[in-house]
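This report is an introduction for a reader who has not met the structure before. Please keep the sequence and the model in view while reading.

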Amino acid sequence: MRYPTDNHRDTFADAFMIVNAGLAAEQFPNLKNVGEAALPNFVGRSASFACGAVARVSLRVGEGQHIVDAKFKVAGCSVLVAALSVLTEQVKNKSTAEAAALAEDLETIKRRLGREAVNRDDCVLLASEALLQAIRAYSDAARDHWDGDDALICTCFGVSERTIESEIQIKKLSTIAEVTRACNAGAGCRSCYPLIEDILEEVNGKW
Amino acid sequence: MIYLDNNATTRVAPEAFTAMQPYLTEVYGNPSSAHSLGRRMNVAVERAREQVAELIGAADTSEIVFTSCGSESDNWAIGGFLEQNPARRHIVTTRVEHEAVRNLCVQLGENGCEVTWLEVNENGELNLDDLRQALRRDTVIVSVMLANNETGVLFPMNEIGKIVRENSDAVFHVDGVQAVGKIPIDLKHSEVDLFALSGHKLHAPQGVGALYIREGVKLPPFIIGGGQESGRRAGTSAVPNIVGLGAACALAKNFDEHKKIEALRNKLEDEILSTIPNARLNGTPDRSKRLPNTANISFEYVEGENILVQLDQTGICVSTGSACHSTTRESSPTLRAMNVPYTAAQGSIRFSLSRYNTEDEIDQTLKVLPDIIAKLVEMSPYDKELKALYADRSAAATPSGGKPTFRT
C-alpha cells in the first residue's frame with residue numbers, strides 16, 4: 001500500500017537527520033577517551049540527584065603537573081557524554097591549572113556542543129565537576145607528597161605557604177580572592193581554598 | 001526507517017488517508033450547514049461515529065462524542081463529572097495513569113478533592129482489594145486505564161467495573177487510549193461509564209479523539225457554542241480527522257493479524273532478554289496481561305537516552321523512560337511506582353510495534369542493539385555491578401562449564 005505522498009517522504013527523513021547532526025558530530029562514532037587512565041591515576045566523580053547521572057574522570061599526571069592522559073566513564077545523557085569526550089580531549093598535555101580553567105569555562109564547552117547543549121547547564125556542569133574533582137585529587141596527593149623545605153599550598157601554580165604568608169603580611173590581604181590576585185594561589189583547581197583560609201586566619205589573627 | 005514507537009503515535013493508515021482525502025479537497029462544507037455539501041459532511045461524520053461505536057462495542061452511536069484528542073476526553077470525563085456532582089469529592093485512580101489523568105488528579109487534589117492513588121506491584125498490576133477498600137459513599141469517580149502506555153500492562157477493566165458498581169455510586173471512567181485497536185473491547189457488556197480514545201494511536205491522524213458516554217450518564221458540555229455533537233461539545237467538527245478516525249476504526253475492527261504483531265514482539269523481547277545480560281523486562285512476564293505490541297525493557301546501569309540516540313542514528317525509533325529525555329528531568333513515574341530501581345529505570349526502552357512492522361525490521365533491530373548496549377556497558381561507571389551481572393549470566397548459560405558466550 002502506497003501513500004499518494006510517498007515520493008516526499010525521503011525529504012522529511014533527511015531534514016530529520018540534520019536536526020541531530022550537531023551533537024552527533026561529538027557523539028558515539030567519534031567518542032574519545034572512554035575508559036580508565038593507566039595507574040597510578042587520579043579519579044574524580046560527579047553525580048546528579050535530580051536525574052541520576054553518574055560520571056567518572058580519571059587522569060594520569062606527569063612531570064610539571066602536566067596531564068598525560070584523561071579518560072572517562074559515564075551513565076548519563078548524550079550532552080554529558082559529549083561534554084566529557086570534549087573536555088578530556090582538551091585537557092591532554094595541559095597543566096592542571098590550564099585544565100581547571102577549561103573545566104570552569106562552561107560557556108565555551110556549551111558553544112562547542114552547539115544547539116543541543118542550550119539549557120542543559122546541569123549536564124555540562126556534571127562533566128566539569130568530575131574533571132575538577134580529578135584535578136583536586138591529584139593536587140591533594142601532590143601536596144601530601146611534597147618534600148620541599150616549604151609547605152606547598154597551591155599545587156596548580158606551585159605557590160608555597162611562605163609566599164602566601166608574606167603576601168598577606170606585606171599587602172595586608174584579607175580574602176582568598178585578594179591572595180589569588182597577589183600570587184596566583186587558588187587560581188587553579190581551588191583544592192587549596194581551605195588551606196589559604198587557614199593561613200589568612202593565622203596571619204591576621206583570629207577574631 | 002524502522003518505527004518501533006507506536007505507543008507514542010502511529011503512521012496514518014493509507015486507507016484512512018484515502019478516506020479523508022475528499023474532505024480535504026472537493027467536499028468542504030460545514031456539517032452544520034443545510035445545503036447539500038453540508039449534508040454530505042454530516043453523513044460522513046455520522047458514518048464515522050458508527051465505525052467508532054462498532055469498534056468499542058457501544059450500545060448506541062449517540063454514546064460517542066468526537067473530541068480533539070485523548071487528553072481532552074480524559075479531562076472532560078473527570079472534570080465534567082465532578083462539576084456535575086459537586087457534593088461528592090473523592091476520586092480513586094492509580095499511580096500509573098497517563099499524564100492526562102494523573103496530572104489532572106494531582107491538580108484536583110490540590111483544589112479540594114481527595115484522591116486515593118492505587119499502588120501497583122513490581123509487575124505493574126493492581127491489587128483489587130485495595131480498590132474495594134478505597135471505595136466510599138462519597139466516591140464520585142473511579143478512573144483506571146485499560147492498558148499502560150509505557151509497559152503495556154492491562155488492568156482487568158470488567159472486573160474493576162463490577163467492583164465499582166457493587167461497592168459505590170461512583171462513575172467508572174476508563175482511559176482506553178492505548179488499548180483501542182490493539183485488543184477487543186466490548187463496552188456494552190461492561191460496567192464502563194466513560195471511555196476515552198485517541199485517533200493517532202490506531203493509525204488515524206493526530207488531532208482527533210472520542211469520548212464514550214454511556215446512555216444515562218450526564219456530563220456538562222465541554223465547549224459552549226453552536227450546539228455541535230448534540231450540544232455536548234461545540235465547535236465545528238474536524239470532519240477530515242473524524243472520517244480518518246472512523247476509517248481507522250473500521251480497519252482495526254477487521255484486522256486479524258494481531259497474532260503476527262504479537263509474534264514479532266515476542267521474538268524481539270525473548271531474544272533481547274536471553275542474549276543481553278543486563279536486560280530486564282518491565283511489566284508482568286504474563287503476556288496475556290499485556291498489550292500484544294509492547295515490550296518495555298531496561299538495560300541496567302546504562303542510560304536509555306544514549307540507547308535512543310544511537311538507535312536513532314541507525315534509523316530505529318523507540319522511546320525511553322529515562323529522566324534525561326523527559327521535560328521534567330524525572331524518570332518514569334510508572335516505573336517508579338513499580339519499584340524499578342533508578343539504575344534500571346534510567347536505561348528503560350519501550351519498543352512498541354504496529355501492523356506495519358516486518359520480521360526483517362525486528363531482525364535488523366536485534367542485529368544492531370547488542371553492539372550499542374556493549375558500547376554503553378563499556379562506558380558505564382558501574383563496572384562492578386555490570387561485571388557481576390555478565391558473570392552470572394555466563395555461568396548460568398554454561399552449566400557444563402563450557403565456553404561463556406557472553407561479552408564481558
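## A three-stranded sheet in chain A

In this predicted model, Val43(A) has Ser58(A), in strand 2 of chain A, as its bridge partner. The two strands of chain A concerned, strand 1 and strand 2 (residues 54–61), run antiparallel and are joined by six bridges. They belong to an open sheet of three strands in chain A, ordered 1-2-3 with antiparallel pairing. Strand 1 (42–47) and strand 3 (67–75) of chain A each have a single partner strand and stand at the edges, so one side of each lacks a neighbour in the sheet. From one strand to the next, the twist averages 15°.

Helix 2 (residues 78–91) of chain A lies across strand 2 and strand 3 of chain A. Its direction makes an angle of about 175° with strand 3 of chain A.

## Chain A as a whole

Chain A contains eight helices and five strands. Read from the N terminus, its elements follow the order α-β-β-β-α-α-α-α-β-β-α-α-α. The chain has 207 residues, of which 42% count as buried. Among contacts in chain A with a separation of 6 or more, 61% involve residues 24 or more positions apart.

## Where the chains meet

In the contact between the chains, 22 residues of chain A touch 24 residues of chain B. On the side of chain A, helix 1 (9–24), strand 2, strand 3 and helix 2 are the elements that give two or more residues. By class, this side of chain A has 14 nonpolar, five polar and three charged residues.

## A buried helix in chain B and its partner

Helix 7 (residues 239–253) of chain B has 15 residues, which at 1.5 Å a residue should span 21 Å; its end C-alpha atoms are 21 Å apart, in agreement with that figure. Because 14 of its 15 residues are buried, helix 7 of chain B is largely enclosed by the rest of the structure.

Two packed helices are described by the angle between their axes and the distance between the axes. For helix 2 (residues 36–56) and helix 7 of chain B, the axes come within 8 Å and cross at roughly 35°. The crossing of these two helices of chain B is left-handed. Residues of helix 2 of chain B in this contact include Met41(B), Ala44(B), Val45(B) and Ala48(B), while those of helix 7 of chain B include Val239(B), Ile242(B), Gly246(B) and Cys249(B). By class, the contact has 13 nonpolar, two polar and three charged residues.

## Buried strands of chain B

Strand 2 (residues 64–67) of chain B directs Ile64(B) and Phe66(B) one way and Val65(B) and Thr67(B) the other way, and all are buried. Four bridges connect this strand of chain B to strand 8 (residues 209–213) of chain B, and the two run antiparallel. Ile64(B) is placed opposite Tyr212(B) of strand 8 of chain B.

In strand 10 (residues 294–299) of chain B, six of six residues are buried. Thr294(B), Asn296(B) and Ser298(B) point one way, whereas Ala295(B), Ile297(B) and Phe299(B) point the other way. Strand 9 (residues 279–282) of chain B runs antiparallel to strand 10 of chain B and is joined to it by four bridges, with Ser298(B) as the bridge partner of Arg280(B). Strand 10 of chain B also pairs in the antiparallel sense with strand 13 (residues 348–352) of chain B, over five bridges. There, the bridge partner of Ile297(B) is Ile349(B).

Key. Residues numbered from 1 in each chain as written. Chains lettered and ligands numbered in written order. Predicted model: local features only at pLDDT ≥ 70, side-chain atom pairs only at ≥ 80, totals over all residues. Pairing = 2+ DSSP bridges. Axes fitted to C-alpha atoms, helices over the stretch in contact; angles between N-to-C directions. Contact = placed C-beta atoms within 7 Å. Expected span 1.5 Å × (residues − 1). Buried ≥ 20, exposed ≤ 12 C-beta atoms within 10 Å, placed from the backbone. Left-handed = near helix turned anticlockwise from the far one by under 90°. Nonpolar A, V, L, I, M, F, W, Y, C, P; charged D, E, K, R; others polar.
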